[in-house]
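This report looks at a ligand site and then at one residue of a helix. The sequence and the structure come first.

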Amino acid sequence: MIGLLLSSKINDIAPSGTLQMLDNAKRLEREGFEVTHLEVGDPDLKTPEEIINVAIEAMRQGFTHYTSSRGIYELREAIVEKKGGNLKSFLDPNKHVIVTPGAKFALFAALSAVINPGDKVLILTPSWVSYKAMIIANFGVPYEFDIDNHSFDDLEEFVKKIKPRAIIFNSPNNPTGRILTYQEINRLVDMALTEDIFLISDEIYDGIVFSDNFVSLSSFKDAFDYSVIINGFSKTYAMTGWRIGYAISNEEIINAMVKVQQYTSTCPVSFVQKAAAFALSDKRVGQKVEKMRLLYKERRDIFVKLLKEVPHIDFKFPEGTFYIFPNISYFINDDSNFALRFLKTKHVCVTPGNIFGTGGRGHIRFSLTVNKEKLVDSFNKFLQFIMEDI
Ligand code: PLP
């Protein structure tokens, strides 16, 4: 009954598809079972100690108050320096950068900044679950286009037909690990320039890349008026709980995002910003991050090798991230149902593919965020389960 009184936009947002999995996993854990969590998008590795020390020292020094709603200058400057790409020569830390509590808030603020009620926003799928909900929360209308099963010619035709206000894409991609090539991003840039479309590029996994073909939207100077580049520290630096992210964009969009931040969170946590500025520029941190990347790569290689031996399972070779997204539709009818039964029977929690939008059905997302032994053990349980099930 009370639902009738709630905001209709909130009623339109589906509850998180992972909650049911988590509730069930927690119930099993309460009953004393050990559950292996391969569903979380959270590194199992520790935030480098050097970063923690900087945050503690900043707190001790009294850096515990509000900061500018754009974030501290020192961090904005480091972001331009390290992440400015081809835009660096003209990026101004005072105009073109905002620091936010997580990349998630940067995305939300970007959508608030660019869309009007009823505007269509196109999500390239399979994709992270939050984009759709954020579009609805900002009174936009989400559209999806499955780029794994269609060409960019098809995409261009679709874009011309629906005329979206913005396109959101994520490379390296959660859940597939796919990296969009230079040519593919260039096609998106062409569409943006000819059809007046904002490009929102979520690059949060740009530090977990295993091939040399990653390209940031910051490589495309001509697209700057239409670009919003989203990034953060959660994944690369194993800092999910610190809540720190940022966006690089043109002055108008950043000013609009600053307004959103001013009247909501005010600013990200002050001492976390100090630690983030340090993380971007410290050599030892850089070395630790590289070790983490190599560890994810090793896990990817182990899992890929195991998966390749199973007939009738297709998957994209992950070029980045710590996810792998096999299509197991040969063995199952319903991925949500499969994930629940797999959890209940083998005590391994994975994410059903359908929640990642069109192109996700029939898939399972594994997060490679456990040690090698657990990873191999979980794979063996998975194999046993699909074979028993067939
Ligand atoms: N973008 C993608 C694609 C993600 O997978 C996630 C987290 O899972 C985020 C953004 C959120 O990042 P943050 O922790 O910085 O808010």
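## Residues around the ligand

In this predicted model, the ligand is surrounded by 13 residues, of which Ala103, Asp202, Ser234, Lys235 and Arg243 come nearest. Sorted by class, the shell around the ligand is made up of five nonpolar, four polar and four charged residues. Among the secondary-structure elements, helix H5, which spans residues 102-114, gives the most to this shell, contributing three residues.

## Polar contacts and burial

Oxygen atoms of the ligand are approached by polar atoms from both side chains and backbone. A polar side-chain atom of Lys235 is found 2.7 Å from a ligand oxygen atom, and a polar side-chain atom of Asn174 is placed 2.8 Å from an oxygen atom of the ligand. For Lys104 the polar atom belongs to the backbone, and its distance to an oxygen atom of the ligand is 2.9 Å. Taken alone, the ligand would expose 400 Å², and the protein buries 92% of that area.

As for the location of the site, the ligand sits in the largest pocket.

## Arg300 in helix H11

Is Arg300, a residue of helix H11 (residues 283-308), buried or exposed? Arg300 counts as buried because its relative accessible area is 5%, which falls under the 20% cut-off for that term.

Arg300 also pairs in space with a residue from another part of the sequence: Leu368 is 68 residues apart from Arg300 in sequence, while their C-alpha atoms are 7.1 Å apart.

How values were computed:
Residues are numbered from 1 along each chain as its sequence is written. This is a predicted model: local features need pLDDT of at least 70, side-chain atom pairs count only at pLDDT 80 or more; totals for chains, interfaces and linings use all residues. Side-chain values use heavy atoms; hydrogens and water are left out. A residue is near a molecule or strand if one of its heavy atoms lies within 4 Å of it. A polar contact is a pair of N or O atoms within 3.5 Å; within protein, one must be able to donate a hydrogen and the other to accept it, and residues adjacent in sequence count only if both atoms are side-chain atoms. Accessible areas come from the Shrake-Rupley method with a 1.4 Å probe; for residues, only the protein chains shown count as cover. On a 1 Å grid over the protein atoms alone, a cavity is a set of points where a 1.4 Å probe fits but cannot get out, and a pocket is an open set with protein on both sides within 12 Å along at least five of seven lines; lining residues have an atom within 4 Å of a point. A molecule sits in a cavity or pocket if more than half of its atoms lie within 2 Å of its grid points. Helices (H or I, at least four residues) and strands (E, at least two) are DSSP runs, numbered from the N terminus. Ala, Val, Leu, Ile, Met, Phe, Trp, Tyr, Cys and Pro count as nonpolar, Asp, Glu, Lys and Arg as charged, and the others, Gly among them, as polar. Buried means under 20% relative accessible area, exposed over 50%, partly exposed in between (1.4 Å probe, protein chains only).
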